[in-house]
Amino acid sequence: MPARAAHHPGRAAPATGGGDYATFLATVRRDAIRQGLTADAVTRALALSAPNMQVIQRDRNQPEFHLTWAQYRDRVLTARKIADGRAAFAQQRAILEQQVLTRYDVAPGAVMGIWGLESGYGAMTGKFAVVDALCTLAFEGRRAKFFHDELFHALAILNAGDITPELMTGSYAGAMGQPQFMPSAYVKYAVDIDGDGRRDIWHSVPDVFGSIANYLAGSGWVGGESWGQQVIVPDTVAQSTLGRTQTRTLSEWMAMGVRQMGGAPFDRPTDTGAVLRPDGPGGEAFMVYRNFAAIRRYNPSDFYALAVGLLGNEIA
(Lines give C-alpha, C1' and ligand atoms only; values in the text may rest on other atoms or scores of the structure.)
Protein backbone atom coordinates (compact mmCIF):
# COMPACT_ATOMS: atom_id res chain seq x y z
CA MET A 1 0.00 0.00 0.00
CA PRO A 2 1.81 3.07 -1.14
CA ALA A 3 1.51 5.93 1.32
CA ARG A 4 3.01 9.36 1.00
CA ALA A 5 1.92 12.29 3.09
CA ALA A 6 3.00 15.65 1.75
CA HIS A 7 3.37 18.65 4.01
CA HIS A 8 1.33 21.67 3.02
CA PRO A 9 2.64 24.76 4.82
CA GLY A 10 -0.49 26.82 4.26
CA ARG A 11 -2.82 24.22 5.70
CA ALA A 12 -4.55 24.63 9.04
CA ALA A 13 -3.30 22.38 11.82
CA PRO A 14 -5.31 19.18 12.14
CA ALA A 15 -8.01 18.98 14.74
CA THR A 16 -7.64 15.96 16.98
CA GLY A 17 -9.77 13.82 19.23
CA GLY A 18 -11.16 15.44 22.32
CA GLY A 19 -13.19 18.09 20.50
CA ASP A 20 -16.59 17.77 18.92
CA TYR A 21 -16.77 15.79 15.66
CA ALA A 22 -19.29 18.15 14.04
CA THR A 23 -17.02 21.09 14.82
CA PHE A 24 -14.07 19.17 13.36
CA LEU A 25 -15.99 18.53 10.12
CA ALA A 26 -17.03 22.17 9.93
CA THR A 27 -13.37 23.19 10.25
CA VAL A 28 -12.37 20.74 7.49
CA ARG A 29 -15.13 22.10 5.25
CA ARG A 30 -14.10 25.70 5.86
CA ASP A 31 -10.40 24.98 5.21
CA ALA A 32 -11.14 22.98 2.05
CA ILE A 33 -13.32 25.74 0.58
CA ARG A 34 -10.65 28.28 1.53
CA GLN A 35 -8.19 26.24 -0.54
CA GLY A 36 -10.42 26.52 -3.61
CA LEU A 37 -12.48 23.34 -3.45
CA THR A 38 -16.14 23.77 -4.32
CA ALA A 39 -18.59 23.91 -1.42
CA ASP A 40 -20.94 21.37 -3.03
CA ALA A 41 -18.23 18.74 -3.52
CA VAL A 42 -16.89 19.15 0.01
CA THR A 43 -20.31 19.18 1.65
CA ARG A 44 -21.40 16.05 -0.24
CA ALA A 45 -18.22 14.20 0.77
CA LEU A 46 -18.31 15.18 4.44
CA ALA A 47 -22.03 14.44 4.75
CA LEU A 48 -21.16 10.73 4.61
CA SER A 49 -18.91 10.89 7.67
CA ALA A 50 -19.62 10.05 11.28
CA PRO A 51 -16.91 8.74 13.60
CA ASN A 52 -16.43 5.18 12.39
CA MET A 53 -15.76 2.99 15.40
CA GLN A 54 -14.77 0.06 13.21
CA VAL A 55 -11.99 2.20 11.69
CA ILE A 56 -10.76 3.24 15.15
CA GLN A 57 -10.86 -0.35 16.37
CA ARG A 58 -8.87 -1.59 13.36
CA ASP A 59 -6.34 1.22 13.72
CA ARG A 60 -5.74 0.53 17.42
CA ASN A 61 -5.71 -3.25 17.21
CA GLN A 62 -3.54 -4.06 14.23
CA PRO A 63 -2.29 -7.62 14.64
CA GLU A 64 1.47 -7.98 14.82
CA PHE A 65 2.68 -10.92 12.78
CA HIS A 66 6.29 -11.96 13.14
CA LEU A 67 6.52 -14.38 10.24
CA THR A 68 9.65 -15.92 8.83
CA TRP A 69 10.19 -15.44 5.10
CA ALA A 70 9.29 -19.10 4.52
CA GLN A 71 5.98 -18.63 6.39
CA TYR A 72 5.21 -15.37 4.57
CA ARG A 73 6.00 -16.91 1.19
CA ASP A 74 3.75 -19.91 1.87
CA ARG A 75 0.94 -17.62 3.00
CA VAL A 76 1.17 -15.11 0.13
CA LEU A 77 2.46 -17.05 -2.89
CA THR A 78 -0.17 -19.76 -3.01
CA ALA A 79 -0.89 -21.98 -5.99
CA ARG A 80 -4.31 -20.32 -6.20
CA LYS A 81 -2.79 -16.82 -6.27
CA ILE A 82 -0.43 -17.85 -9.08
CA ALA A 83 -3.18 -19.59 -11.10
CA ASP A 84 -5.53 -16.61 -10.71
CA GLY A 85 -2.72 -14.31 -11.80
CA ARG A 86 -1.98 -16.31 -14.93
CA ALA A 87 -5.67 -16.29 -15.84
CA ALA A 88 -5.93 -12.53 -15.24
CA PHE A 89 -2.77 -11.90 -17.24
CA ALA A 90 -4.06 -13.93 -20.18
CA GLN A 91 -7.31 -11.96 -20.09
CA GLN A 92 -5.74 -8.50 -19.73
CA ARG A 93 -2.42 -8.96 -21.54
CA ALA A 94 -3.35 -6.86 -24.58
CA ILE A 95 -4.36 -3.90 -22.38
CA LEU A 96 -1.17 -4.18 -20.36
CA GLU A 97 1.23 -4.56 -23.28
CA GLN A 98 -0.42 -2.31 -25.88
CA GLN A 99 -1.87 0.52 -23.79
CA VAL A 100 0.33 0.67 -20.69
CA LEU A 101 3.82 -0.71 -21.26
CA THR A 102 4.24 1.28 -24.47
CA ARG A 103 4.09 4.39 -22.23
CA TYR A 104 5.96 3.05 -19.21
CA ASP A 105 9.00 0.84 -19.68
CA VAL A 106 8.10 -1.39 -16.74
CA ALA A 107 8.05 -5.19 -16.59
CA PRO A 108 4.53 -6.68 -16.86
CA GLY A 109 5.36 -9.09 -14.02
CA ALA A 110 5.96 -6.22 -11.60
CA VAL A 111 2.57 -4.66 -12.42
CA MET A 112 0.81 -8.02 -12.12
CA GLY A 113 2.61 -8.88 -8.88
CA ILE A 114 1.54 -5.63 -7.21
CA TRP A 115 -2.03 -5.94 -8.53
CA GLY A 116 -2.20 -9.49 -7.15
CA LEU A 117 -0.83 -8.70 -3.71
CA GLU A 118 -2.76 -5.45 -3.21
CA SER A 119 -6.24 -6.55 -4.26
CA GLY A 120 -6.21 -10.15 -5.52
CA TYR A 121 -6.31 -8.85 -9.13
CA GLY A 122 -9.08 -6.39 -8.34
CA ALA A 123 -11.27 -8.74 -6.29
CA MET A 124 -10.74 -7.13 -2.86
CA THR A 125 -10.54 -3.34 -2.85
CA GLY A 126 -11.93 -2.48 0.59
CA LYS A 127 -15.45 -1.62 1.73
CA PHE A 128 -14.81 1.53 3.75
CA ALA A 129 -15.88 5.00 2.56
CA VAL A 130 -12.48 6.67 2.20
CA VAL A 131 -13.52 10.15 3.33
CA ASP A 132 -15.27 8.70 6.38
CA ALA A 133 -12.22 6.60 7.29
CA LEU A 134 -9.79 9.50 6.83
CA CYS A 135 -12.01 11.94 8.75
CA THR A 136 -12.23 9.46 11.61
CA LEU A 137 -8.46 8.89 11.71
CA ALA A 138 -7.65 12.60 11.36
CA PHE A 139 -10.03 13.36 14.24
CA GLU A 140 -9.04 10.45 16.45
CA GLY A 141 -5.49 11.68 16.75
CA ARG A 142 -3.00 8.77 16.76
CA ARG A 143 -1.50 9.88 13.44
CA ALA A 144 -3.69 12.93 12.96
CA LYS A 145 -1.27 14.97 10.81
CA PHE A 146 -0.74 12.16 8.30
CA PHE A 147 -4.44 11.37 7.91
CA HIS A 148 -5.42 15.06 7.87
CA ASP A 149 -3.15 15.57 4.85
CA GLU A 150 -4.51 12.43 3.16
CA LEU A 151 -8.09 13.65 3.80
CA PHE A 152 -7.43 16.91 1.96
CA HIS A 153 -5.89 15.00 -0.96
CA ALA A 154 -9.04 12.84 -1.06
CA LEU A 155 -11.28 15.92 -1.10
CA ALA A 156 -9.23 17.36 -3.97
CA ILE A 157 -9.69 14.11 -5.94
CA LEU A 158 -13.46 14.32 -5.42
CA ASN A 159 -13.42 17.98 -6.39
CA ALA A 160 -11.73 17.07 -9.69
CA GLY A 161 -14.57 14.65 -10.49
CA ASP A 162 -12.50 11.47 -10.86
CA ILE A 163 -14.88 9.55 -8.57
CA THR A 164 -17.96 10.21 -6.43
CA PRO A 165 -17.84 10.09 -2.61
CA GLU A 166 -20.14 7.05 -2.64
CA LEU A 167 -17.81 5.11 -4.96
CA MET A 168 -14.56 6.23 -3.31
CA THR A 169 -14.00 3.07 -1.28
CA GLY A 170 -10.90 1.54 0.22
CA SER A 171 -9.29 0.11 3.32
CA TYR A 172 -9.96 1.27 6.87
CA ALA A 173 -6.78 3.41 6.55
CA GLY A 174 -7.83 5.08 3.30
CA ALA A 175 -5.90 3.01 0.73
CA MET A 176 -8.00 3.20 -2.42
CA GLY A 177 -9.07 0.99 -5.27
CA GLN A 178 -7.35 -1.93 -6.95
CA PRO A 179 -3.77 -0.67 -6.47
CA GLN A 180 -4.51 0.47 -2.88
CA PHE A 181 -3.13 3.99 -3.39
CA MET A 182 -3.26 6.45 -0.53
CA PRO A 183 -4.78 9.72 -1.81
CA SER A 184 -1.36 11.43 -1.91
CA ALA A 185 -0.02 8.62 -4.12
CA TYR A 186 -3.12 8.91 -6.31
CA VAL A 187 -2.56 12.64 -6.79
CA LYS A 188 1.04 11.97 -7.83
CA TYR A 189 0.76 8.78 -9.89
CA ALA A 190 -2.80 7.92 -10.97
CA VAL A 191 -3.31 8.21 -14.75
CA ASP A 192 -6.20 8.04 -17.21
CA ILE A 193 -5.27 5.36 -19.75
CA ASP A 194 -8.73 4.54 -21.14
CA GLY A 195 -9.29 8.17 -22.15
CA ASP A 196 -12.60 8.78 -20.39
CA GLY A 197 -11.29 11.88 -18.60
CA ARG A 198 -11.21 10.22 -15.17
CA ARG A 199 -8.38 8.46 -13.34
CA ASP A 200 -10.44 5.51 -12.17
CA ILE A 201 -8.35 3.07 -10.10
CA TRP A 202 -11.54 1.46 -8.77
CA HIS A 203 -13.12 0.13 -11.97
CA SER A 204 -10.88 0.75 -15.02
CA VAL A 205 -8.25 -1.96 -15.52
CA PRO A 206 -6.23 0.22 -17.97
CA ASP A 207 -6.13 3.02 -15.40
CA VAL A 208 -5.14 0.55 -12.66
CA PHE A 209 -2.27 -0.87 -14.73
CA GLY A 210 -1.14 2.56 -15.89
CA SER A 211 -1.16 3.97 -12.38
CA ILE A 212 0.89 1.08 -10.97
CA ALA A 213 3.35 1.34 -13.88
CA ASN A 214 3.62 5.11 -13.44
CA TYR A 215 4.31 4.62 -9.73
CA LEU A 216 7.13 2.16 -10.48
CA ALA A 217 8.56 4.38 -13.22
CA GLY A 218 8.46 7.35 -10.86
CA SER A 219 10.19 5.25 -8.20
CA GLY A 220 13.23 4.59 -10.37
CA TRP A 221 12.34 1.45 -12.35
CA VAL A 222 14.97 0.78 -15.04
CA GLY A 223 13.54 -0.76 -18.21
CA GLY A 224 15.02 -4.03 -19.40
CA GLU A 225 16.52 -4.95 -16.03
CA SER A 226 15.45 -7.68 -13.62
CA TRP A 227 14.32 -7.00 -10.05
CA GLY A 228 16.42 -9.96 -8.85
CA GLN A 229 16.75 -13.73 -8.76
CA GLN A 230 17.02 -16.61 -6.33
CA VAL A 231 20.64 -17.63 -5.76
CA ILE A 232 22.81 -20.12 -3.91
CA VAL A 233 24.76 -18.66 -0.97
CA PRO A 234 27.11 -20.83 1.08
CA ASP A 235 26.07 -21.04 4.72
CA THR A 236 29.62 -19.93 5.58
CA VAL A 237 28.88 -16.41 4.25
CA ALA A 238 28.26 -14.26 7.33
CA GLN A 239 24.75 -12.83 7.65
CA SER A 240 26.34 -9.47 8.56
CA THR A 241 27.72 -9.17 5.00
CA LEU A 242 24.21 -9.45 3.50
CA GLY A 243 21.23 -7.09 3.22
CA ARG A 244 19.84 -4.73 0.62
CA THR A 245 22.27 -1.91 1.44
CA GLN A 246 25.36 -4.13 1.02
CA THR A 247 25.93 -3.93 -2.74
CA ARG A 248 28.90 -5.54 -4.45
CA THR A 249 29.80 -6.50 -8.01
CA LEU A 250 28.65 -9.94 -9.05
CA SER A 251 32.29 -10.94 -9.46
CA GLU A 252 32.87 -10.05 -5.79
CA TRP A 253 29.83 -12.11 -4.80
CA MET A 254 31.11 -15.03 -6.90
CA ALA A 255 34.44 -14.82 -5.05
CA MET A 256 32.42 -15.35 -1.85
CA GLY A 257 30.83 -18.48 -3.37
CA VAL A 258 27.50 -17.01 -4.52
CA ARG A 259 26.10 -18.67 -7.65
CA GLN A 260 22.94 -18.71 -9.75
CA MET A 261 20.47 -21.53 -9.11
CA GLY A 262 21.94 -24.61 -10.75
CA GLY A 263 25.46 -23.45 -9.94
CA ALA A 264 26.25 -21.36 -13.01
CA PRO A 265 28.32 -18.17 -12.62
CA PHE A 266 26.65 -14.82 -13.32
CA ASP A 267 26.72 -13.61 -16.92
CA ARG A 268 27.54 -9.96 -16.17
CA PRO A 269 30.19 -9.93 -13.44
CA THR A 270 30.57 -6.14 -13.40
CA ASP A 271 26.89 -5.56 -12.51
CA THR A 272 26.15 -4.79 -8.87
CA GLY A 273 23.62 -6.35 -6.54
CA ALA A 274 22.84 -7.10 -2.91
CA VAL A 275 22.10 -10.49 -1.38
CA LEU A 276 19.11 -11.12 0.90
CA ARG A 277 18.87 -14.25 3.02
CA PRO A 278 15.85 -13.37 5.16
CA ASP A 279 15.79 -16.52 7.30
CA GLY A 280 19.56 -16.76 7.72
CA PRO A 281 21.86 -19.68 6.86
CA GLY A 282 19.98 -22.61 5.37
CA GLY A 283 17.12 -20.42 4.11
CA GLU A 284 16.38 -19.09 0.65
CA ALA A 285 18.63 -16.35 -0.73
CA PHE A 286 18.13 -13.73 -3.44
CA MET A 287 20.31 -11.40 -5.45
CA VAL A 288 18.44 -8.10 -5.81
CA TYR A 289 19.11 -5.26 -8.24
CA ARG A 290 18.02 -1.64 -8.70
CA ASN A 291 14.43 -2.49 -9.60
CA PHE A 292 13.95 -4.24 -6.25
CA ALA A 293 14.29 -0.79 -4.65
CA ALA A 294 11.58 0.57 -7.00
CA ILE A 295 9.14 -2.16 -5.88
CA ARG A 296 10.11 -1.50 -2.28
CA ARG A 297 9.07 2.15 -2.62
CA TYR A 298 5.53 0.88 -3.21
CA ASN A 299 5.66 -0.89 0.14
CA PRO A 300 8.86 -0.63 2.23
CA SER A 301 9.14 -4.32 3.07
CA ASP A 302 11.74 -6.76 1.78
CA PHE A 303 9.21 -9.60 2.07
CA TYR A 304 6.63 -7.65 0.04
CA ALA A 305 9.10 -6.73 -2.72
CA LEU A 306 10.38 -10.30 -2.97
CA ALA A 307 6.80 -11.61 -3.16
CA VAL A 308 5.90 -9.12 -5.92
CA GLY A 309 8.95 -10.13 -7.93
CA LEU A 310 8.44 -13.87 -7.50
CA LEU A 311 4.70 -13.70 -8.18
CA GLY A 312 5.34 -11.61 -11.30
CA ASN A 313 7.89 -14.17 -12.51
CA GLU A 314 5.35 -16.97 -12.10
CA ILE A 315 2.62 -15.01 -13.91
CA ALA A 316 4.40 -13.26 -16.75
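**Note on helix H3, salt bridges and backbone angles**

1. The face of H3 turned away from its buried side carries two exposed residues, Met-53 and Gln-57. This is a predicted model, and the points below should be read as comments on that model.

2. The other side of this helix is made up differently: within H3 (residues 53-60), the buried residues are Val-55, Ile-56 and Asp-59. Viewed down the helix axis, the buried residues fall within an arc of 95°, so they line one face of H3. What do the buried residues of H3 pack against? Their partners are S1 and helix H7 (130-140).

3. The N-terminal end of H3 is capped by Asn-52. A side-chain oxygen of Asn-52 lies 3.0 Å from the backbone nitrogen of Gln-54.

4. On charged pairs, a search of the whole structure finds 17 salt bridges. Three of them are taken up in the next points, including the one between Asp-31 and Arg-34.

5. Asp-31 and Arg-34 form a salt bridge in which the closest N and O atoms are 3.8 Å apart. Because a salt bridge is counted within 4 Å, this pair qualifies. Both residues belong to helix H1 (residues 21-34), where they are three residues apart, about one turn of the helix. Are the two partners buried or exposed? Asp-31 is buried, at a relative accessible area of 5%, whereas Arg-34 is exposed, at 62%.

6. A second salt bridge brings together the side chains of Glu-284 and Arg-73, at 2.8 Å from N to O. The pair links distant parts of the chain, 211 residues apart. Glu-284 is in the loop between strand S6 (272-276) and strand S7 (285-288), and Arg-73 is in helix H4 (residues 69-76). Glu-284 is partly exposed, with a relative accessible area of 27%. Arg-73 also counts as partly exposed, at 22% relative accessibility; the class applies because the value is not under 20%, the limit for buried.

7. The side chains of Asp-302 and Arg-244 meet in a salt bridge as well, with an N to O distance of 3.4 Å. Asp-302 lies in helix H13 (residues 302-315) and Arg-244 in the loop between strand S3 (228-232) and strand S4 (247-249), so this pair ties together parts that are 58 residues apart in sequence. Asp-302 is partly exposed, with a relative accessible area of 23%, and Arg-244 is partly exposed, at 39%.

8. Some salt bridges share partners, and in this way Arg-30, Asp-31 and Arg-34 are joined into one network. The Asp-31 to Arg-34 bridge of point 5 involves two members of that network.

9. Two backbone angles deserve a look. Most residues other than glycine have a negative phi. Tyr-121 has a positive phi, near 60°. Where does Tyr-121 lie? Its place is the loop between helix H6 (108-119) and strand S1 (128-129). Tyr-121 is buried, with a relative accessible area of 11%.

10. Gln-180 is not a glycine either, and its phi is positive at about 55°. This residue lies in the loop between strand S2 (169-170) and helix H9 (183-189). Gln-180 is buried, with a relative accessible area of 8%.

Methods. Residues numbered from 1 in each chain as written. Predicted model: local features only at pLDDT ≥ 70, side-chain atom pairs only at ≥ 80, totals over all residues. Heavy atoms only, no water. Helix = DSSP H or I, 4+ residues; strand = E, 2+ residues; numbered from the N terminus. Buried < 20%, exposed > 50% of the residue type's maximum accessible area, 1.4 Å probe, protein only. Arc of directions from axis to C-beta. Contact = heavy atoms within 4.5 Å. Polar contact = N/O pair within 3.5 Å; in protein donor to acceptor, adjacent residues only side chain to side chain.
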